[in-house]
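Me: Can you walk me through this one? I'd like to start with the DNA side.

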There are 2 protein chains.
Amino acid sequence: MQRIGELAGACGIKPDTLRFYEKNGLLNPVNRSPKGYRLYSEEDAQQLRFILRAKAMGFSLSDIRELLNIEASRSDWVCADVKGMVEAKVDELQTKIDEMIRLRDSLQTLADACCGGAESAIHCSILDTLETK
Amino acid sequence: MQRIGELAGACGIKPDTLRFYEKNGLLNPVNRSPKGYRLYSEEDAQQLRFILRAKAMGFSLSDIRELLNIEASRSDWVCADVKGMVEAKVDELQTKIDEMIRLRDSLQTLADACCGGAESAIHCSILDTLETK
DNA sequence: ATAAAGCTTGGAGTTGTATCCAAGGTCAAA
DNA sequence: TTTGACCTTGGATACAACTCCAAGCTTTAT
């Protein structure tokens, strides 16, 4: 059993974050010491690592809550459920990526058209473009 | 001179947004009617369009404040200043894009490894991966 | 003349993901 | 034994960019 600071330190997060996850139903440490200190079991630590891995993959905390639900009773679900979630997230990411590429390209075009020199910005093509498209 | 609702409507935003921009120093309508209604001149409308265009290009409101400062006294700046801002934003976007592509690819790999069928998720490779990497 | 639509202000609420703070209890080391 | 590190709780704060609300005034349409 580890105390909150130990587990947090071991996982590179802060105790506050762990309490935050608890408040939001992501990770409920099973035990408390006689004086009320949270005590995390190896299973709790395992679950935290699950959360952090999912987060690193781009899942939101509410996605993760859902994944944990599935994980908690795998037999109630089928592979298609899980794969569906992952693919939905891929699509979501793809949409954002496309949008950001669009923005990046617009900006790059803008930058390319600008001399970028020490000339006064009075005739700056970037500002002109923003002013009147 | 247009009233707030007219200008907002014409630009596809809400009056509240215009007041928000004003409170945040992005757009101060020059005039008020005798009864205190905001009145926007064509220049104000022009500036709003500048703001909205910059926003559509991915600039944050604080970026836009900076661009407006430059725009307001172009002669105090050189092209390099402006181009620098745009290129910094391109880099910022690129960093985010790279990160999101990394996430997308990880998730795609995860999805590809899953049968995605009607089988119980008991042996789901996605959950297994998140559980123990 | 009256009702609906529009305007004003100050301030609160939203979303997501934490992070920080204060007041107080506990524990280990020097 | 005292100091300092750690723990508890509830609640405040942060960020971005709005969005909404209430109470009250003005303008417009019928």
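Me: How do the residues of the surface near DNA strand C divide by class?

Reply: Six are nonpolar, four polar and eight charged. Here Ala, Val, Leu, Ile, Met, Phe, Trp, Tyr, Cys and Pro count as nonpolar, Asp, Glu, Lys and Arg as charged, and the others, Gly among them, as polar. A residue is near a strand if one of its heavy atoms lies within 4 Å of it.

Me: Any ground rules?

Reply: This is a predicted model: local features need pLDDT of at least 70, side-chain atom pairs count only at pLDDT 80 or more, and totals for chains, interfaces and linings use all residues. Residues are numbered from 1 along each chain as its sequence is written, chains are lettered from A and ligands numbered from 1 in the order in which they are written, and side-chain values use heavy atoms, with hydrogens and water left out.

Me: Which residues are closest to DNA strand C?

Reply: Asp16(A), Thr17(A), Gly5(B), Tyr37(B) and Arg38(B), out of 18 that surround the strand.

Me: Which atoms get to its phosphates?

Reply: A polar side-chain atom of Thr17(A) lies 2.8 Å from a phosphate oxygen of DNA strand C. For a side-chain N or O atom of Lys14(A), the distance to a phosphate oxygen of that strand is 2.9 Å. Both are polar contacts (pairs of N or O atoms within 3.5 Å).

Me: Which elements give two or more residues there?

Reply: Helix H2 (15–23) of chain A together with helix H1 (4–11) of chain B. H2(A) has the largest share, four residues. Helices (H or I, at least four residues) and strands (E, at least two) are DSSP runs, numbered from the N terminus.

Me: OK, DNA strand D. Which element gives the most there?

Reply: H2(B), with four residues. Gly5(A) also reaches this DNA strand: one of its backbone N or O atoms lies 2.8 Å from a phosphate oxygen.

Me: How much of the DNA strand D contact is sugar or phosphate?

Reply: Of its atoms within 4 Å of the protein, 77% belong to sugar or phosphate. The rest belong to bases.

Me: Switching topic. In what order do the strands of the chain B sheet run?

Reply: E1-E3-E2, in an open sheet with antiparallel pairing. Two strands pair if DSSP finds at least two bridges between them.

Me: Why is one side of E1 and of E2 left without a neighbour?

Reply: Strands E1 (2–3) and E2 (31–32) of chain B stand at the edges, each with a single partner strand, so one side of each has no neighbour in the sheet.

Me: What is the bridge partner of Gln2(B) in E3(B)?

Reply: Tyr40(B).

Methods. Polar contact = N/O pair within 3.5 Å; in protein donor to acceptor, adjacent residues only side chain to side chain.
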